[in-house]
Amino acid sequence: MERIWIAGPCAAESCEQLLATAAELMEQSALAGVHLDYFRAGIWKVRSVPGSFCGAGEEAFPWLQEVQRTYGVPACVEVMSARQLELCASYGIRTVWVGARTCVNPTEVQQIADAVRGSDFTVLVKNPMIPDLRLWEGNIERFLKAGIRQVMAVHRGFTDAQENIYRNAPVWQIPIDLKVHLPELPILCDPSHLCGQVRWIPQVAQLAMNYGFNGLMIECHHNPAQALSDAEQQLTPAQWATLVSGLDLRANAADLDLVKQRSFLENVDNQLSELLYQRMVLVDEIAEIKKAKHIAVVQPKQWQEVVKRYQKHREDTAYQKFLEKFLELLHQSSIARQH
Ligand code: PEP
Ligand code: MN
């Protein structure tokens with residue numbers, strides 16, 4: 001499987017900063033034998049706090065053009081509006097991403113999709129800040145319907161009211177479900193915005209590879225300590241190259257050992273699916289008896305007996321955790337059916 005590596009600073013700060021970062025990235029990627037596919041830099045930054053550094057704006061386009069010319073790597077920037085998209089087109093930037101904040105607003109996303117319609121732009125669609133798979137998928141569909149052939153998803157985690165070691169909660173099930181719904185769509189992970197701190201980035205990047213993600217978008221700065229935004233999460237180009245070249249990349253290809261194990265799994269799933277249904281049918285019959293004989297639906301003692309049947313393999317704590325949830329669901333749906 002081809003991997004897509006995107007790296008570059010959070011924000012375009014100056015021509016010197018972009019060129020220095022790009023130069024080091026090219027040098028380090030050559031040393032590590034890694035191919036940098038896109039150089040990222042936010043030129044308009046959406047910041048929570050007014051007065052924070054907002055990127056250099058339109059002034060940064062010639063700097064990015066110089067990066068593209070000097071290093072032969074395509075630049076990509078974030079766009080939040082149709083107008084910004086048009087500016088990118090006029091400056092020869094052909095790759096853009098739609099950020100997590102914009103992605104909560106389908107009207108704005110549609111306006112960008114309309115502006116890019118029928119072009120050869122590559123469009124990366126970040127997950128919206130809220131954990132809403134349908135919204136993320138809907139945004140992706142807007143670009144696919146606009147005839148964009150190169151659409152990619154970027155997972156960067158979700159805002160979570162609860163304290164988390166990461167800046168954003170990964171909720172891996174959402175990008176995994178997206179992959180199941182749209183298997184042809186490349187999906188990248190942005191561990192920088194997900195983690196918020198350099199120290200968690202390697203483990204999250206590896207996890208994304210284990211899940212079969214197609215690449216990574218990572219923030220890199222030639223001097224992270226001096227970065228004007230997201231200083232705590234930017235890697236140096238050397239750290240980036242070490243990370244990417246050290247990843248254990250997982251293939252998607254079919255494997256004979258896997259095929260064999262999967263045939264056993266298929267057999268178990270078929271039996272399980274039939275058994276679960278049989279159980280539901282029995283529950284319905286029990287419900288009829290209870291109704292006819294005026295017996296209460298909820299019978300706590302009987303449920304304790306049921307739970308006891310699932311006490312095998314206590315040594316496997318992960319399995320016990322699963323069973324706890326499974327039995328709760330079983331009990332709830334059994335009661336619901338009996339009503
Ligand atoms: C970014 O990539 O620069 C950015 C702002 O990311 P996000 O939209 O994921 O917060
Ligand atoms: Mn950033």
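**Aromatic pairs and the manganese site**

The structure holds 8 aromatic pairs (Phe, Tyr and Trp rings, six-membered for Trp, with centres within 6.5 Å; planes under 30 degrees apart are stacked, over 60 edge-to-face, the rest tilted). This is a predicted model, where local features need pLDDT of at least 70, side-chain atom pairs count only at pLDDT 80 or more, and totals for chains, interfaces and linings use all residues. Residues are numbered from 1 along each chain as written, ligands are numbered from 1 in written order, and side-chain values use heavy atoms, leaving out hydrogens and water.

User: What kind of aromatic pair do Trp44 and Phe61 form?

Analyst: Their centres sit 5.7 Å apart. The planes make an angle of 70 degrees, and that's over 60, so the pair is edge-to-face.

User: Is Phe61 buried or exposed?

Analyst: The scale here is relative accessible area: under 20% is buried, over 50% exposed, in between partly exposed (1.4 Å probe, protein chains only). Phe61 comes in at 0%, so call it buried.

User: Which residues are the protein donors of the manganese ion (ligand 2)?

Analyst: Donors are N, O and S atoms within 2.8 Å of the metal (3.2 Å for Na, K and Ca), and since water is not among the atoms, sites may look incomplete. Here the protein donors lie 2.0 to 2.4 Å from the ion. They are Cys10 (SG), His193 (NE2), Glu219 (OE) and Asp230 (OD).

User: What is the relative accessibility of Glu219?

Analyst: Glu219 is one of the manganese donors. It counts as buried, with a relative accessibility of 0%.
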